[in-house]
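Work through the exercises below with the sequence and the model open beside you. Each task is followed by a solution that goes step by step.

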Amino acid sequence: MIRLKSYDDIMRIKESGHILYETMCYLEKLIAPGISTGELDKEARNFIQSKKAKPAFLNYGGFPGSICTSVNEEVIHGIPGRRRLRDGDVVGVDIGIDLKGFISDSAKTFAVGKIASDVQQLLDTTVKCLEAGISAAKFNNRIKDIGQAVFDIADAAGYGVVRDYCGHGVGYGVHESPSVPNYPFRGTNPRMKEGLVIAIEPMINIGGDDVDLLEDDWTVVTRDKSISAHFEHTVAIFADRTEILTL
Ligand code: MG
Ligand code: MG
């Protein structure tokens, strides 16, 4: 069941999303060769708590980190730890903020030091995928239109579009209906109504679209070990516009 949100509740999710954006900007300044993903996690937790909010992913389904940090071939759900970032890495940072029960969700993949040009191209294209997905997320369009827009751009560039994980409804919980795939699909395909709040999150690989789950039961990696990128925003659908809530 899709839980549409009132205008007031969307504004509360937006407040949560603003703290998320500030957290992302704070971490961006810290990301450099030598810092560990565990240090980033600790910094994020302290920053979020200083804003009187909670890291929504901490203990969610047993997840041990306050944020997800996914390096290189890691697609999503990487657990922060001792790994130190190196020059030429990319690190996907995925953050959920719980502000008095209102949840926002956003992710960004950062370059660490100087990265290869083909990896930069992947990041640029994945940003374009997210932008296209957000443009397709309009009142009365169907959920499938988002996936089509994302897929077309990634596919034209020859990249693999991850199918095993999708965007989702968000706001009252970390994961709500509907599922928002990054590819066109058959089946239940609702039109977007006013008050719909969804996280759109293309996960795009330089290589193939297959992924595996590591033995830690969280980290998702590309099967061919190719580099992966992940960008995400939480957006709200209104009759006359779509608003990004995580800025
Ligand atoms: Mg996320
Ligand atoms: Mg998400």
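**Exercise 1.** How far apart are the magnesium ion (ligand 2) and the magnesium ion (ligand 1), and which residue coordinates both?

*Solution.* The two ions are 3.1 Å apart, and the residue that coordinates both is Asp105. Before going further, note that this is a predicted model, in which local features need pLDDT of at least 70 and side-chain atom pairs count only at pLDDT 80 or more, while totals for chains, interfaces and linings use all residues. Residues are numbered from 1 along each chain as its sequence is written, chains are lettered from A and ligands numbered from 1 in the order in which they are written, and side-chain values use heavy atoms, with hydrogens and water left out.

**Exercise 2.** Find the residues that coordinate the magnesium ion (ligand 2), and place them along the chain.

*Solution.* Start with the donors (N, O and S atoms within 2.8 Å of the metal, or 3.2 Å for Na, K and Ca; water is not among the atoms, so sites may look incomplete). At 2.1 to 2.2 Å, this ion is coordinated by Asp105 (OD), His168 (NE2), Glu201 (OE) and Glu232 (OE). Read along the chain, the donors follow the spacing D-x62-H-x32-E-x30-E. Distant parts of the chain are linked in this way, since Asp105 sits in strand 5 (residues 102-111) and His168 in strand 7 (residues 167-169), 63 residues apart. Here helices (H or I, at least four residues) and strands (E, at least two) are DSSP runs, numbered from the N terminus.

Next, look at accessibility, where buried means under 20% relative accessible area, exposed over 50%, and partly exposed in between (1.4 Å probe, protein chains only). Asp105 is buried, with a value of 3%, and His168 is buried too, at 4%.

**Exercise 3.** Which residues coordinate the magnesium ion (ligand 1)?

*Solution.* Two OD donors are listed for Asp94, and they are joined by Asp105 (OD) and Glu232 (OE), at 2.0 to 2.6 Å. The spacing of these donors along the chain is D-x10-D-x126-E. Asp94, in strand 4 (residues 90-99), and Glu232, in the loop between strand 13 (228-230) and strand 14 (233-237), are 138 residues apart, and the pair links distant parts of the chain. Asp94 is buried, with a relative accessible area of 7%, and Glu232 is buried at 0%.

**Exercise 4.** Is Lys5 buried or exposed, and which residues does Lys5 touch?

*Solution.* Lys5 is found in the segment before helix 1 (7-30), and its relative accessibility of 7% makes it buried. A polar atom of its side chain lies 3.0 Å from the backbone oxygen of Arg3. Not counting residues up to four places away in sequence, Lys5 touches (contact means heavy atoms within 4.5 Å) several residues, among them Ile10, Val170, Tyr172 and Glu176.

**Exercise 5.** At what angle do helix 3 (residues 117-136) and helix 4 (residues 143-156) pack?

*Solution.* Axes are lines fitted to C-alpha atoms, for helices over the stretch in contact, and angles run from 0 to 180 degrees between N-to-C directions. The angle is about 155°, with the axes 8 Å apart. That makes helix 3 roughly antiparallel to helix 4, given that angles under 35 degrees count as roughly parallel, over 145 as roughly antiparallel, 65 to 115 as roughly perpendicular and the rest as oblique. Finally, list the residues that meet: those from helix 3 include Thr125, Cys129 and Ala132, and those from helix 4 include Ile146, Val150 and Ile153.

Key
A polar contact is a pair of N or O atoms within 3.5 Å; within protein, one must be able to donate a hydrogen and the other to accept it, and residues adjacent in sequence count only if both atoms are side-chain atoms.
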